[in-house]
Amino acid sequence: TAMALSPGLDFYNVQPETAVVEGLRRRSVLLVTAQGDRESAEAVKQMVAGARGEITAVFYTGSAHGTGLFTAARLRDQLTETILDWLAAKVPEPTA
């Protein structure tokens, strides 16, 4: 299970596309970006198109990038809820 905020195809030589498309095909992935963050939005679309596993992509309005999505007052609560709901659905409850 993996999650990324505003992922790109090449961020200082970190290239997540292969992991998302190939390596995580038996895992779930959440990719979050803003529509106005063009580079990231295009990267997410490309990763979703090639993905073989369970992938969820969320596109918010605006152009906030990365953790800036949390500082955008109009997105903060919605983004937090999206992430917590996704994690609750994907990560099993710990056993005692």
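Here are some exercises with worked solutions on the predicted model shown above.

**Exercise 1. Get an overview of the chain: how many helices and strands are there, and what pattern do they follow?**

Start by counting the elements: the chain has four helices and three strands. Next, read along the sequence, and the pattern β-α-β-α-β-α-α appears. Then look at the overall dimensions. The C-alpha atoms fill a box of roughly 40 × 30 × 20 Å along the principal axes. A compact globule of 96 residues would have a radius of gyration near 12 Å, and the 13 Å of this chain agrees with that. Last, look at the contacts: of those with a separation of 6 or more, 74% join residues 24 or more positions apart.

**Exercise 2. Check the span of helix α4 and find where its buried residues lie around the axis.**

Step one is the span. Helix α4 covers residues 73-90, which makes 18 residues, and at 1.5 Å a residue these should span 26 Å. The end C-alpha atoms are 27 Å apart, which agrees.

Step two is to list the buried residues of α4: Leu 75, Leu 79, Ile 83 and Trp 86. They cover an arc of only 65° around the axis, so they sit on the same side of α4. A general rule helps here: an α-helix has 3.6 residues a turn, so residues three or four places apart point the same way.

Step three is to ask what lies over that side. The cover of the buried residues includes β1 (2-5), β2 (28-34), β3 (54-60) and α3 (68-71). Finally, turn to the opposite face, where the exposed residues Ala 73, Asp 77, Leu 84, Ala 88 and Ala 89 are found.

**Exercise 3. Do the same for helix α2: which residues are buried, and which exposed residues are on the face turned away from them?**

Begin with the span again. Helix α2 (residues 38-50) has 13 residues and reaches 19 Å from its first C-alpha to its last, close to the expected 18 Å. Its buried residues are Ser 40, Ala 41, Ala 43, Val 44 and Met 47. Seen down the axis, these fall within an arc of 160°, so they line one face of α2. The face turned away from them carries the exposed residues Arg 38, Glu 39 and Ala 49.

**Exercise 4. Find the largest nonpolar core and say which element supplies its largest share.**

First, note that buried residues make up 31% of the 96 residues in the chain. Now collect the members of the largest nonpolar core, which has 12 residues in all: Leu 30, Val 32, Ala 34, Val 58, Tyr 60, Ala 64, Leu 69, Ala 72, Leu 75, Leu 79, Ile 83 and Trp 86. Sort them by element: β2, β3 and α4 each supply at least two. The largest share, four residues, comes from α4. There is also a second, separate core of seven residues, which includes Leu 24, Val 29, Ala 43 and Val 44.

For a closer view, pick Val 58. Leaving out residues up to four places away in sequence, Val 58 touches Leu 30, Leu 31, Val 32, Thr 33 and Thr 82.

**Exercise 5. Describe the surroundings of Phe 70 and decide how Phe 70 is classed by accessibility.**

Locate the residue first: Phe 70 lies in helix α3. Its relative accessibility is 29%, so Phe 70 counts as partly exposed; that class runs between the 20% and 50% cut-offs. Beyond its neighbours within four places in sequence, Phe 70 is in contact with Leu 5, Arg 76, Leu 79, Thr 80 and Ile 83. Take one of these contacts: Thr 80 is 10 residues from Phe 70 along the chain, and their C-alpha atoms are separated by 7.8 Å.

**Exercise 6. Examine the phi angles of Tyr 12 and Asn 13, and decide whether each residue is buried or exposed.**

Start with the general expectation: most residues other than glycine have a negative phi. Tyr 12 has a positive phi near 50°, and Asn 13 has a positive phi of about 70°. Now place them: Tyr 12 is in the loop between β1 and α1 (17-23), and Asn 13 is found in the loop between β1 and α1 as well. Finally, check accessibility. Tyr 12 is exposed, with a relative accessible area of 73%, and Asn 13 is exposed at 60%.

Note on methods
Residues are numbered from 1 along each chain as its sequence is written. This is a predicted model: local features need pLDDT of at least 70, side-chain atom pairs count only at pLDDT 80 or more; totals for chains, interfaces and linings use all residues. Side-chain values use heavy atoms; hydrogens and water are left out. The expected span of a helix is 1.5 Å times one less than its number of residues. Buried means under 20% relative accessible area, exposed over 50%, partly exposed in between (1.4 Å probe, protein chains only). The arc is that of the directions from the helix axis to the C-beta atoms. Contact means heavy atoms within 4.5 Å. The radius of gyration is taken over C-alpha atoms; the globule rule is 2.2 Å times the number of residues to the power 0.38. A nonpolar core is a set of buried Ala, Val, Leu, Ile, Met, Phe, Trp, Tyr and Cys residues joined through side-chain atoms within 4.5 Å.
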